[in-house]
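The exercises below are meant to be worked with the sequence and the 3D view side by side. Please try each task before reading its solution.

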Amino acid sequence: MYLVLSQPLAITGTLVVYPNGNKNDKGSGYLSLYAAIDNSTLAPHEEVYVDLRFYVFNKKEKKYFTIQDTDVWRYNNFKTMWGFSQVLPGYTFKSPYNGYLYDGDHCEFGVDVTTPTVFQTSELFTVANNFKTPTFTWRLLKFSTLLEDTYLSDTFSIGGRRWNIQVNPSGRDKGKGKALSMYLIVNHNEELRPFERIYVRAKLRVLNKFKFRNVERQIDNWFSRWETGRAYGWGSSEFVPLSNLKDSSKGFLVDDKLTVQVEIEAVSTTKYFPS
């Protein structure tokens with residue numbers, strides 16, 4: 001039996017093999033593999049983080065059985081050996097028919113030891129909800145006299161971002177001349193990085209004096225900065241048919257006043273390091 005250390009540790013290290021298993025690590029009856037470091041080369045409070053990938057050569061199949069954890073391993077003066085206590089069952093490893101033992105009683109082991117790359121920048125993405133004041137209501141007075149194509153509400157803040165509601169009284173795109181169009185938009189003064197996007201879950205509503213007739217549209221989208229020219233606003237171009245708005249019996253206009261609302265349920269934020 002001989003050992004092959006495919007890549008040395010950043011500090012002095014050793015590949016440790018337990019052919020019959022490490023009984024102290026619940027490995028009895030298995031092949032156990034570890035990478036150990038010489039703690040005399042560590043400063044008192046020094047820690048080393050590494051990725052470990054262990055190999056067992058199978059001559060019959062002419063390839064390596066490999067095993068690797070998804071997390072990095074943290075070495076320090078209190079923990080100088082990491083690895084796997086149950087790499088292969090003992091009977092699988094020792095049977096000459098399986099190819100791990102060959103040419104009498106030979107076998108090969110190896111370990112790759114790599115230090116994870118330290119990222120120069122990082123991002124912390126979070127989604128907040130349950131806002132203290134999640135709704136904003138806007139009343140458009142003398143609605144029948146509104147002649148402009150687009151109207152914006154006052155700026156309001158929810159979820160740490162500034163927003164506006166945009167209303168097109170005569171519609172736009174597919175709703176042009178047929179329906180009221182309405183959108184939630186990111187305020188144009190909101191500072192976003194060129195590539196940054198904001199996830200938003202919200203409800204846009206046109207309120208009705210008969211509450212069960214409120215018209216509501218769900219928003220579940222990613223918002224971009226104004227300069228992108230797209231995705232800075234989401235809503236519907238066909239929110240409410242104009243015929244329904246103009247029909248006083250439908251209950252949308254009260255004293256020629258239209259009331260719209262947004263309820264923001266979730267907003268994402270991204271923190272950048274370094275900022």
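**Exercise 1. Decide whether Glu190 is buried or exposed, and find its salt-bridge partner.**

Step 1. Glu190 has a relative accessibility of 13%, and therefore it counts as buried, where buried means under 20% relative accessible area, exposed over 50% and partly exposed in between, with a 1.4 Å probe and protein chains only. Before going on, note that this is a predicted model, in which local features need pLDDT of at least 70 and side-chain atom pairs count only at pLDDT 80 or more, while totals for chains, interfaces and linings use all residues. Residues are numbered from 1 along each chain as its sequence is written, and side-chain values use heavy atoms, with hydrogens and water left out.

Step 2. The partner of Glu190 is Arg162, and the closest N and O atoms of this salt bridge are 3.1 Å apart; a salt bridge is a side-chain nitrogen of Lys or Arg within 4 Å of a carboxyl oxygen of Asp or Glu. The pair links distant parts of the chain, since Glu190 is in the loop between E13 and E14 and Arg162 is in strand E12 (residues 161-168), 28 residues apart. Strands (E, at least two residues) and helices (H or I, at least four) are DSSP runs, numbered from the N terminus.

Step 3. Arg162, with a relative accessible area of 32%, is partly exposed. Both residues belong to a network of salt bridges that links Arg161, Arg162, Glu190 and Glu196.

**Exercise 2. Describe where Asn187 is placed and which residues it is in contact with.**

Step 1. Asn187 is placed in the loop between strand E13 (179-186) and strand E14 (198-206), and its relative accessibility of 5% makes it count as buried.

Step 2. When neighbours within four places in sequence are left aside, Asn187 is in contact (heavy atoms within 4.5 Å) with Thr155, Arg162, Trp163, Asn164 and Trp226.

Step 3. With Asn164 there is also a polar contact, side chain to side chain, at 2.8 Å. Such a contact is a pair of N or O atoms within 3.5 Å; within protein, one must be able to donate a hydrogen and the other to accept it, and residues adjacent in sequence count only if both atoms are side-chain atoms.

**Exercise 3. Find which residues Gln86 is in contact with, and then look at the backbone of Lys26.**

Step 1. Gln86 lies in strand E6 (residues 81-89) and, at 40% relative accessibility, counts as partly exposed.

Step 2. Leaving out neighbours within four places in sequence, the contacts of Gln86 are Lys26, Gly27, Tyr30 and Leu31. A polar atom of the Gln86 side chain lies 2.7 Å from the backbone oxygen of Lys26. Gln86 can also be set against Asn22, from which it is 64 residues apart in sequence and 8.5 Å apart in space, C-alpha to C-alpha.

Step 3. Lys26 is in the loop between strand E1 (13-18) and strand E2 (30-37), and its relative accessible area of 71% makes it exposed. Although Lys26 is not a glycine, it has a positive phi of about 60°.

Step 4. Asn130 is another residue other than glycine with a positive phi, near 55°. Asn130 lies in the loop between strand E8 (122-129) and strand E9 (135-140) and counts as exposed at 72% relative accessibility.

**Exercise 4. Explain why the salt bridge of Lys178 with Glu238 ties together parts of the chain.**

Step 1. Among the 13 salt bridges that a search of the whole structure finds, one is formed by Lys178 and Glu238, with the closest N and O atoms 4.0 Å apart.

Step 2. Lys178 lies in the loop between E12 and E13, whereas Glu238 is in strand E16 (residues 233-241), so the pair ties together parts that are 60 residues apart in sequence. Glu238, at 39% relative accessibility, counts as partly exposed.

**Exercise 5. Identify the residues with the most contacts inside the largest nonpolar core.**

Step 1. A nonpolar core is a set of buried Ala, Val, Leu, Ile, Met, Phe, Trp, Tyr and Cys residues joined through side-chain atoms within 4.5 Å. The largest has 34 residues, and Trp163, Leu184 and Ile264 have the most contacts inside it.

Step 2. A second, separate core has 25 residues, including Leu31, Phe109, Val111 and Val113.
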